[in-house]
Amino acid sequence: MKLQFKQQQFQLDAVSAVVDLFQGQQRHDGLRYMADPGRGGDTLDLIHDAYRNAPITVTANGIKSMVNQKQTKYNIKPSAKLSVDTLAGRDAYNFTVEMETGTGKTYTYIRTIMELNKRYGWLKFIIVVPSVAIREGVHKSFQTMTEHFQMLYGKKPRYFIYDSKRLGALDDFANSSNIEVMIINSQAFNATGKDARRIHMEQESFRWRKPIDVIAATNPIMIIDEPQSVEGKKTKERLADFKPLFTLRYSATHKEKYDMVYRLDAMDAYNKKLVKKIAVKAIEKSGTTGTEGYLYLQEIIPQKTGGPKAKIEFELLGKNGIRRQTKTVSAPFDLYAESGEMEQYRDGWTLSQFDARYGTIQIGVNRTIQVGQVIGETNEDDMRRIQIRETIKSHLEKEERLYDKGIKVLSLFFIDEVAKYKAYDANHDAHNGDYAEIFEEEYRRQVRDYLVSHKASRYRVFLEKAQEASSAHAGYFSVDKVKKSTKTVFVDYKSATEKKNQSSNDQDAYDLIMKDKERLLSFDEPVRFIFSHSALKEGWDNPNVFQICTLKQSAADTRKRQEIGRGMRLSVDQNGMRQDQDLLGDQVHDINKLTVIANESYDDFARSLQGELKEILSERPQKVEAQLFIHKILENEAGAKLQVSEDLANELQFTLIRNGYVDKDGQLTDTFYEEKERNQLVFPESVSGFEEQVLEVLDSVYDAKQYEIDNANDTEIVFSEQVNEDNLARQEFLNLWKSINRKSSYQVTFDDEELIAKSIQAINDKLEVKKIKYVITDRAADKMTKEGLDFTVSDNSVTEEYLDRTKINTRYDLLGEIADGTGLTRRVVASILSQIHVYKFDMFRANPEDFILRVSRLINEEKATQVVQHIEYHILDDAFDTDIFYDNTASARLSDSTVSEATKSVYNYIKVDSLTEKTFKDDLEAHEDVKVYVKLPQAFKIPTPLGNYNPDWAIAFKEGSVKHVYFVAETKGSMSSLQLKEAEQDKIKCAQAHFKALQEAGYLSHDVIYRVVDSYEKLMEIVK
């Protein structure tokens, strides 16, 4: 398989946040200089031109102004002054980019390299990483992304890993006029004194030159990956030896922020659905030991008819003594009788009151046990066995749902001692440790149970072939070579060998997990369960890790985010396609959910993780108050700006409180989130046109409610198992389905001249370009402190001076840049630009980069409008079968307030996405006119140029009660087109064109209606 890469807006924003800082920098394709030929031999033959990065020519004030603009845009506290080092007699800037784990920071900084070269011609880059593991991961990223960047930029970087034994690569690095990237781990340069690394020494093999001097002479741009793990005091001093032009730092958890220009933190990434959702399956010991009977409640299973069943583990007295048995039982269940009359179950051990919604069963008269709890005599081995069993169970459930989607599921076990996975005899021959032995026993049992209880399917065929437990798992650990032998053995992290090598040398496991990521993602590779030492931190992750199990006691300093970080990336299918919002819409978290099998209670885990989040999000505002808005400059998509005065900020705060959006403690309320979901938030008229920007400010406030952690012990239902076959077979529904189930294709034909005319008008009406400005700050030394003079900013001491630029030094391919950004030909772009108002075209001189960006955006908006207006749908012979209802692998927790039972639906349960949908569903159930309905599964898709579209509801009414119609509905909280996102409006228009084509082709009668409604009442107005 081959991983696919695409342009994601948040990554492009992070790239622009850095590249835009140097607006006005003249482009140089590298400055030539005479490289140091070294000594020894005939050095005259070695004298040659080399290339270094051109110096920064933009003024410090100009860079600071751009830094502050980016900080304002991304709700980052503006820097009062820049963090600048003095290196080689010049200023060397430091910038920080924060990106949550799993959002592609490696892709982002490699693309930043490409864009810095494209805009300014800079050629030489150094990537510094904290470990060999991360170094290998970065190197692998370059390998997999090379073709992608070649297509985007028409060139690719040359990259290599620094190796003190192959110093000839440094001459290539210096001499080349192409993009050069050196990847180096910090251990290669940060030792001093007797332990000084070879990089600081004159090397005979390098013609008596110091490698560091050759590197520093290129004036490189430095990128530090995970600086919190790189930059100790000693390492910082050594980093200065590279004499970087400027330094960029990328991490999710910075210790020192320097001048942050972009932030995509944990809350942003989660809310934008850029990472997986987290669920916790907690294994918790409850009750006393010794005298208590043993009972483990594994799950409660809802039934299509009758009460739910429970899967329990209990002790049983058999012919060969006491053993533990897992059994699915119905209420009431008499443990005393069923256990062979074991005394520990004699009094009060009848199980009853199986409650699927709350995940509990009653024991005797007044005791209860929850799913995931264990009562009775248990030791650590018992708990670890349960954890391993639950991991395998969760794995198989997830694997069954995702197999037909071409998504391979992986599970990761963290352990604290290698011997528990792999042990060795006196001859150093390996055999399973306790955990590997337990895993293989439980794997065989779980697979056997699955094959007995499930009917034939493609996944069942796969699982039959994957029954061999020993080939299903692999280990990633450090290895040590046995002296006087070819054998190698696993060793614990931070052994003498590990400290020395900082890397695993076990070729099979290392290559599979660290290097051959694509192979591990393929169904052809049998490994699906990975065992690793708990020390595995940054440097490795895999998008298809869906379960993480910690088979160790979490130390006090263990960070939950560190453990879950290995599985937060969105998954990919067998074609390497990311399963993101573009592909899945709002269903992205139905597939992308990381389940943590924890050795503590759900409450403890969730509380601990939320505490860590609050700590790392401490720079976010903690409550909504007027101060949050004062002096904010809001800028909408049209380029218009609004500076929030103190009076306007107070008005906003008053409106938020009056409408019940903010409580007395300054926290956002449920009312706010409900009305936000329904697009019905009310703001003052004075911020009309800037509502989205006000929302962005409110979204910057830390609120734990925004980061949901699912309780995976809650009873889960899978919709494919909840089809109400009676309703599905009703004639009214079959007639409706026959009318709407045809698939379609589309084509778009529109006139270039129409697009040109509309684009010219849009640019003339809407184009506004930011002027480049310098911020001038007067400071006075008002007092002396123990640190020295205290320079403070006095009132009215900050002024802004706009640069009226009449000369552009940087060369721009204006037609090419806009053609690239819009997908249009240079001829069409030239026709547009040649006909806009002269004063609009003159804005190019004020700020070329912003001109190109905003013109491209306006043209793309018109292009999207033209596409929708001129789209034509063609009905195909192919149709959706009712099998899509049985193939619906979406799942939900019964305890979720968005899930409720249904009697008229094709499914026994309905999961809604908003309060509007919940009210609509309740009305469908309550009104007699409705015969049968369904919330359409995600597989029911209408193709559009903006991505697939999935309507919400299909409804069939009773004959004779109203005019006999069928109804396909999209429920939205607001009927105002102004409050629907533009892309959403365009998809709805495409859907209307699809249903019109169905009607014209004779498949759809005039009695079938497609509309957007906000309530059942609105639906009935249309029906009647």
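The legends below accompany four close-up views of this predicted model.

**View 1. Strand β7 is mostly covered, with six of its six residues buried.**
Let's start with the strand that spans residues 180–185. Glu180, Met182 and Ile184 point one way from β7, while Val181, Ile183 and Asn185 point the other way. Whichever way they point, these residues are all buried.

**View 2. Strand β7 pairs in the parallel sense with β5 and with β6.**
Here we look at the partners of β7. How many bridges join β5 to β7? There are six, and β5 is made up of residues 124–129. One pair to look for is Lys124 of β5 with its bridge partner in β7, Glu180. Strand β6, residues 158–161, is linked to β7 by four bridges. Phe160 stands opposite Met182 of β7, a residue that is buried. To get from β6 to β7, the chain passes through helix α5, residues 168–175. This β-α-β crossover is right-handed.

**View 3. Four strands form an open sheet with antiparallel pairing.**
Reading across the sheet, the order is β16-β17-β18-β19. Which strands lie at the edges? They are β16 (333–334) and β19 (367–370), and each of them pairs on one side only. Between β17 (residues 350–355) and β18 (residues 360–363) there are three bridges, and these two strands run antiparallel. If you would like a pair to find in this view, try Asp355, whose bridge partner in β18 is Thr360.

**View 4. Helix α21 has a buried side and exposed residues on the other.**
This helix covers residues 646–658, 13 residues in total. From its first C-alpha to its last it reaches 18 Å, close to the 18 Å expected at 1.5 Å a residue. Which residues of α21 are buried? They are Leu648, Ala649, Leu652, Gln653, Thr655 and Leu656. Because these buried residues cover an arc of only 160 degrees around the axis, they lie on the same side of α21. Turn to the other side and you will find Glu646, Asp647, Phe654 and Arg658, which are exposed. What covers the buried residues includes β31 (641–643) and α23 (691–699). Just past the helix, do look for Gly660: this residue follows α21 and has a positive phi, near 75 degrees.

Technical notes:
Residues numbered from 1 in each chain as written. Predicted model: local features only at pLDDT ≥ 70, side-chain atom pairs only at ≥ 80, totals over all residues. Heavy atoms only, no water. Expected span 1.5 Å × (residues − 1). Buried < 20%, exposed > 50% of the residue type's maximum accessible area, 1.4 Å probe, protein only. Arc of directions from axis to C-beta. Contact = heavy atoms within 4.5 Å. Pairing = 2+ DSSP bridges. Right-handed = clockwise from strand over helix to strand, strands pointing away.
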